Amino acid sequence: MMPIPGSGLAKGLAVTLRTMTKRAHTAQYPEVQPELPPRTRGVIGLFEENCTVCMLCARECPDWCIYIDSHKETVPAAAPGGRERSRNVLDRFAIDFSLCMYCGICIEVCPFDALFWSPEFEYAETDILELTHERDKLREWMWTVPAPPALDPAAEEPKEIAAARKAVEKAEAAAAAAAAAEAPAAAGATAAGATEAEAGAAEAGPAAPGTDDPTTTPEGDA
């Protein structure tokens, strides 16, 4: 069946007319803040305590916009006779958001959860140099990082929680087995003590009349 000439144009005009009759919705920004999705990529926050200066984020960054400086310090031995160790100490952690492409690779490759997405997006500057956020500024963004969403009830249990649960169950089973093994030994020791006491009483023989032995009855008490 051949289409009617001009039917496509008529459909397009009908959509236009329906849209023209609807009231436009204007977001009154900045008086009214937008409702952002929970996984919005606004700015990156740094949790400095978790950073081990492994340099993975800087090496994997496609734009090379992460700058990290560090030095090594010697840590004394934890126990006498132990060996001293060295650790990396973070001196500088900066992200140039004028180069950042917001791919999130740095957050994904961080093995110690030191980088997080924040939905904050209002950090425009008049000077491009101010878009390089040092670690103090990145740490301030951590206060705006939302809490992680709740897990799906049908989701698989995380490996970390499963391993911790199994370790607790194993420890409880070992403690229960130890307590069960100690119970018969304690009961046997009690029974042996009672048997020895009875044997000692039998060897001593009956007490003389008039003594304090409660098992004998003095004459004339009947």
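**Close-up 1. Arg-135 and its partner Glu-48.** In this predicted model, Arg-135 is partly exposed, with a relative accessible area of 22%, and Glu-48 is likewise described as partly exposed, its relative accessible area being 25%. The side chains of these residues, Arg-135 and Glu-48, meet in a salt bridge in which N and O lie 3.0 Å apart. This contact joins distant parts of the chain, since Arg-135 belongs to helix H4 (residues 135-141) while Glu-48 sits in the loop between strand E1 (43-46) and helix H2 (56-60), 87 residues apart.

**Close-up 2. A salt bridge between Glu-73 and Arg-87**. The closest N and O atoms of Glu-73 and Arg-87 are 3.7 Å apart. Glu-73 is part of strand E2 (residues 66-75) and Arg-87 is part of strand E3 (residues 85-96), so the salt bridge ties together parts that are 14 residues apart in sequence. Glu-73 counts as partly exposed at 33% relative accessibility, and Arg-87 also counts as partly exposed, at 46%.

**Close-up 3. A salt bridge within helix H4, between Glu-140 and Lys-137**. The two side chains meet with N and O 4.0 Å apart. Because Glu-140 and Lys-137 are three residues apart in helix H4, about one helical turn separates them. Glu-140 is partly exposed, with a relative accessible area of 48%, and Lys-137 counts as partly exposed at 34% relative accessibility.

**Close-up 4. A network formed by Glu-157, Arg-165 and Glu-169**. Here salt bridges link three residues, namely Glu-157, Arg-165 and Glu-169, into a network. The structure as a whole holds seven salt bridges.

Notes
Residues numbered from 1 in each chain as written. Predicted model: local features only at pLDDT ≥ 70, side-chain atom pairs only at ≥ 80, totals over all residues. Heavy atoms only, no water. Helix = DSSP H or I, 4+ residues; strand = E, 2+ residues; numbered from the N terminus. Buried < 20%, exposed > 50% of the residue type's maximum accessible area, 1.4 Å probe, protein only.
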